[in-house]
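Visitor: I'd like to go through this one with you and ask how you back up each label you use. Can we start?

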Amino acid sequence: MNRLFGAKNTGPKPTLSSAISTTDTHVESLDVKLAKLNAELTTYQQRMSKMRDGPGKTALKQKALKILQRRKMYEGQRDQMQQQSWNMEQASMMTDNLKNVMTTVDVMKSTNKSLRKQYGKVDIDKIERLQDEMQDLMEVGNEIQESMSRSYDVPEDVDEAELDAELEALGEEAEFEGALGMGQGVGEMPGFMQDEVPSFIDEPPEGAKVKEAAG
């Protein structure tokens, strides 16, 4: 059986990269052979251009034709192998793209699984309750700030017209008291204070003492 079908190959299977490399090596060897044939054809053409028609030139021409046939055969093989190499390169690129896609899909799956696991622990209702509590606390804080910033001396609603009238009245009262002071003299006690002595004063004013002595 081994003679008919050969022994089973136990070596590593070829890959696209190795196949492309082998094909490119064959193409390079064909290019070397074609360059050698082109050099021979150039030499034969130069020799035939200097020869006259005859048996020698005819024999040289037959050799040149055979070289030309070999060159066409090598060119056909090179073209086929270049096409094969290109097809394998396309297959390799498609394989790499597929691997990248599969890697991306695997990453997306693992990320999705992780997100589900994390978001599964989140209670939306609890978050909404926390938001409501925060809003209530903010309102309470604002009320406290308004209460602390309230003024105790000045009423909240003040009429500017009333303030102007009160200020004008104070001015008139000051003028009236100044006129009375000029009439009584400097240092003399006003009349409304002469007859009344507060209970917390031990001795009456000096003016009152003078008045009693005279009486």
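Guide: Let's start at S92, which touches L16 and I20 once residues up to four places away in sequence are set aside. S92 lies in helix α3. Keep in mind that this is a predicted model.

Visitor: What makes S92 buried or exposed?

Guide: The relative accessible area of S92 is 17%. Buried means under 20%, so S92 counts as buried.

Visitor: And how do you know whether T23 is buried or exposed?

Guide: Same kind of reasoning. T23 has 8% relative accessibility, which is under the 20% limit, so T23 counts as buried. T23 is found in helix α2.

Visitor: Which residues does T23 touch, leaving out those up to four places away in sequence?

Guide: M81, S85 and M88. You can look at that from the other side too: with neighbours within four places left out, M81 is in contact with T23, H26, V27 and L30.

Visitor: What makes you speak of a contact there?

Guide: A contact means heavy atoms within 4.5 Å, and the partners listed for M81, T23 among them, pass that test.

Visitor: Which residues make up the largest nonpolar core?

Guide: There are twelve: V27, L30, L34, L37, L41, Y44, M48, L60, A64, I67, Y74 and M81. Helices α2 (16-50) and α3 (55-119) each supply at least two of them. The largest share, seven residues, comes from α2.

Visitor: Why is that set called a core?

Guide: The name asks for buried residues of nonpolar types, joined through side-chain atoms within 4.5 Å. The twelve residues, including V27 and M81, meet those conditions, so the set is called a nonpolar core.

Visitor: How much of the chain is buried?

Guide: Buried residues make up 8% of the 215 residues. The accessible surface comes to about 19200 Å², and carbon and sulfur atoms account for 55% of that.

Visitor: Which residues make the nonpolar surface patch?

Guide: L115, Y119, V122, I124 and I127, with about 480 Å² between them. The elements giving two or more residues to this patch are α3 and α4 (124-148).

Visitor: Take Y119, then. What makes Y119 count as exposed?

Guide: Y119 has 60% relative accessibility, and exposed means over 50%, so Y119 counts as exposed. Y119 has its place in helix α3.

Visitor: On to charges. How many salt bridges does the structure hold?

Guide: Four. One of them joins the side chains of D53 and K57, at 3.1 Å from N to O.

Visitor: Why is the meeting of D53 and K57 called a salt bridge?

Guide: The cut-off is 4 Å between a side-chain nitrogen of Lys or Arg and a carboxyl oxygen of Asp or Glu. The N to O distance for D53 and K57 is 3.1 Å, which is within 4 Å, so the pair qualifies.

Visitor: Are D53 and K57 exposed, or what label do they get, and what makes it so?

Guide: D53 is at 73% relative accessibility, over the 50% limit, so D53 counts as exposed. K57 is at 22%, which falls between 20% and 50%, so K57 counts as partly exposed.

Visitor: How far apart are the closest N and O atoms of R71 and E75?

Guide: They are 3.8 Å apart, which is within 4 Å, so R71 and E75 form a salt bridge. These two residues are four apart in helix α3, so about one helical turn separates them. R71, at 23% relative accessibility, counts as partly exposed, and so does E75, at 29%.

Visitor: What about D79 and R78?

Guide: Their side chains meet in a salt bridge at 4.0 Å, N to O. D31, R78 and D79 are linked in a network of salt bridges. D79 has 43% relative accessibility and counts as partly exposed; R78 is partly exposed too, with a relative accessible area of 22%.

Visitor: What does UniProt place at residues 27-54?

Guide: An unreviewed UniProt entry puts the feature "coiled-coil region" there. In the model, residues 27-54 are 86% helix and 0% strand, and the end C-alpha atoms are 39 Å apart.

Visitor: Last one: how many helices and strands are in the chain?

Guide: Seven helices and zero strands.

Definitions and conventions:
Residues are numbered from 1 along each chain as its sequence is written. This is a predicted model: local features need pLDDT of at least 70, side-chain atom pairs count only at pLDDT 80 or more; totals for chains, interfaces and linings use all residues. Side-chain values use heavy atoms; hydrogens and water are left out. Buried means under 20% relative accessible area, exposed over 50%, partly exposed in between (1.4 Å probe, protein chains only). Accessible areas come from the Shrake-Rupley method with a 1.4 Å probe; for residues, only the protein chains shown count as cover. Patches are made of residues with over 30% relative accessible area and no salt bridge: like charges are joined within 9 Å, nonpolar side chains (Val, Leu, Ile, Met, Phe, Trp, Tyr) within 5 Å. UniProt positions are given in the numbering used here, feature names are shortened, and annotations may be inferred rather than shown by experiment.
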